[in-house]
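Grab a viewer and have a go at a few short exercises on charged pairs and strand order. Try each one before you read the solution under it.

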Amino acid sequence: MNNVSVNPKTHTRPGISMLTLSAGLVGLLTIAATAAPPAASAAIGPTLTVDGAPLAGSVQPDGDFTVTAGAPPGVTVKFKIDGTYLGQDSSAPYTWSVTTAAGNHRIEARWDLSGRQSVAAEFQVASPSESAPAPSPSPSPSPAPEPVPAPIPANTVSVSTAAELSAALAAAAPGQTIHMQDGLYVGKFVASASGTADAPITLAGSRAAVLSTGSIWSGYGLHVTGSHWRIAGLAVTEAAKGIVLEGSTHTVISNVDVGRIGSEAVHFRKNSSDGIVRDSDIHDVGLAQPGYGEGLYVGSAKSNWATVMGSADVPDRSDRVQILNNRISRTAAEGVDAKEGTSGGVIRGNSFTDAGYSGSNSADSWADIKGNGYIVDGNTGSTALADAFQVHSVLEGWGLNNSFSGNTILGGVPGYEVWVQSGSLGTVIACKESKAGLGLSNVPCSG
């Protein structure tokens with residue numbers, strides 16, 4: 001994914017029954033606004049424009065421009081590009097200055113007015129070599145040029161079968177994009193090549209491009225052992241584990257759908273550090289093994305270090321993993337499990353529903369923090385078997401110095417918002433009101 005910069009305008013608890021699981025996959029992303037296309041005589045709905053012209057389908061000659069959202073007065077418009085939040089504008093006309101690199105991009109604007117409304121547009125920024133020079137003045141009018149289709153991005157391999165995908169993954173090189181056409185891809189898919197910081201490898205498709213092993217009892221939907229990957233848009237279903245990263249650093253997973261999985265959905269292990277999972281749907285996990293059905297799993301338990309790391313005394317340092325703005329629902333084990341041996345992660349802006357509902361293997365919370373120095377803030381959710389968040393010290397020297405702030409309980413949490421095990425030193429919980437049944441925490445808050 002291209003770099004983007006922006007400039008603003010100025011413990012076991014009582015069990016519950018398993019919910020009915022949904023197997024539906026989300027459909028294709030749309031380019032148009034959320035309203036249906038207007039009839040010829042109807043007024044045109046909100047659009048995104050640049051210099052008065054529609055942004056959708058356009059080719060911008062460079063990556064520095066201002067986008068305007070046609071939202072009604074009196075709202076606050078939030079802007080995103082390629083799934084990354086840019087900022088918000090509360091005064092009409094609603095604009096945001098964007099600086100981005102050559103390639104294909106998607107901008108979305110959202111606001112609330114009698115229900116959430118949004119408008120989105122896909123467009124392209126031409127590389128310098130693709131930007132045509134300004135035409136010389138002509139003494140007589142020239143005929144209107146024919147529309148020029150957006151050029152196909154360079155260094156892209158398009159695949160439509162499992163065999164083609166396996167071959168493309170095996171031959172992947174830095175800077176390359178593998179585009180998955182819509183369809184079901186059943187097999188064993190391994191991303192073993194590595195990109196670079198300046199030239200990551202991208203695997204992308206719509207959510208109708210589906211990876212599967214064909215069974216919730218066997219295999220990984222996608223096994224990432226290389227570094228600097230960008231995995232975007234696609235779906236993973238019907239596999240023992242969804243996406244497993246081993247020794248993969250600086251890999252970003254965005255806008256994916258991982259559901260109907262036997263065990264965990266996304267697992268960072270074997271020193272898979274500095275990774276990101278964002279803007280994704282994680283759901284219906286733990287269908288085969290409820291006690292191992294985590295939504296997002298970071299690191300490895302001490303009991304597994306010998307197998308994963310080769311020594312029972314070597315921690316799995318899957319550090320600084322960021323879990324951002326995901327929708328995590330119906331996970332039999334915790335929605336997020338951050339293991340002993342890991343440090344410096346961020347769990348922010350996620351929504352949890354029925355996460356950690358099984359009670360099996362102590363799965364009874366949205367998120368369980370056993371590592372050190374995690375920041376857990378700005379999350380929301382409802383329905384837990386016991387607590388929303390838990391901190392455990394399962395190994396001396398771990399479960400320390402974690403912080404919680406700005407999280408919101410919508411209801412259905414009978415225990416604490418943050419339950420802290422004795423010995424989990426340095427836990428900081430910002431004081432606030434909480435809708436959890438037993439209150440904010442079993443330890444004093446601060447601030």
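The exercises below all use this predicted model.

**Exercise 1. Find out how the side chains of Glu-108 and Arg-110 meet, and say whether each residue is buried or partly exposed.**

Step 1: look at the closest contact. The two side chains form a salt bridge, with N to O at 2.6 Å. That passes, because the cut-off is 4 Å.

Step 2: check the accessibility of each partner. Glu-108 has a relative accessible area of 13%, so Glu-108 is buried. Arg-110 comes out at 30%, which makes Arg-110 partly exposed.

Step 3: put this in context. A search of the whole structure turns up 16 salt bridges, so there are others to look at.

**Exercise 2. Work out which parts of the chain the salt bridge between Arg-327 and Asp-281 ties together.**

Step 1: confirm the pair. The closest N and O atoms of Arg-327 and Asp-281 are 2.8 Å apart, and the two form a salt bridge.

Step 2: place each residue. Arg-327 sits in strand 28 (residues 327-331), while Asp-281 belongs to strand 25 (residues 281-285), so the bridge links parts that are 46 residues apart in sequence.

Step 3: add accessibility. Arg-327 is partly exposed at 38%, whereas Asp-281 is buried at 15%.

**Exercise 3. Decide whether Lys-339 and Asp-337 are buried or exposed, then look for a network of salt bridges that share partners.**

Step 1: take the distance. Lys-339 and Asp-337 form a salt bridge, their closest N and O atoms lying 3.1 Å apart.

Step 2: apply the cut-off for buried, which is under 20% relative accessible area. Lys-339 has 10%, so Lys-339 is buried. Asp-337 has 2%, so Asp-337 is buried too.

Step 3: follow the shared partners. One network of salt bridges joins Arg-207, Asp-257, Asp-281 and Arg-327.

**Exercise 4. Trace the open sheet of 11 strands and identify the strands at its edges.**

Step 1: write down the order. The sheet runs 11-12-15-18-21-24-27-30-33-36-39, and the pairing is parallel.

Step 2: read off the ends. Strand 11 (156-159) and strand 39 (428-429) are the edge strands; each has a single partner strand, so one side of each has no neighbour in the sheet.

Step 3: zoom in on one end. Strand 36 (residues 403-405) pairs with strand 39 in the parallel sense over 2 bridges. Pick out Phe-404 and you'll find that its bridge partner in strand 39 is Ile-429.

Note on methods
Residues are numbered from 1 along each chain as its sequence is written. This is a predicted model: local features need pLDDT of at least 70, side-chain atom pairs count only at pLDDT 80 or more; totals for chains, interfaces and linings use all residues. Side-chain values use heavy atoms; hydrogens and water are left out. Buried means under 20% relative accessible area, exposed over 50%, partly exposed in between (1.4 Å probe, protein chains only). Helices (H or I, at least four residues) and strands (E, at least two) are DSSP runs, numbered from the N terminus. Two strands pair if DSSP finds at least two bridges between them.
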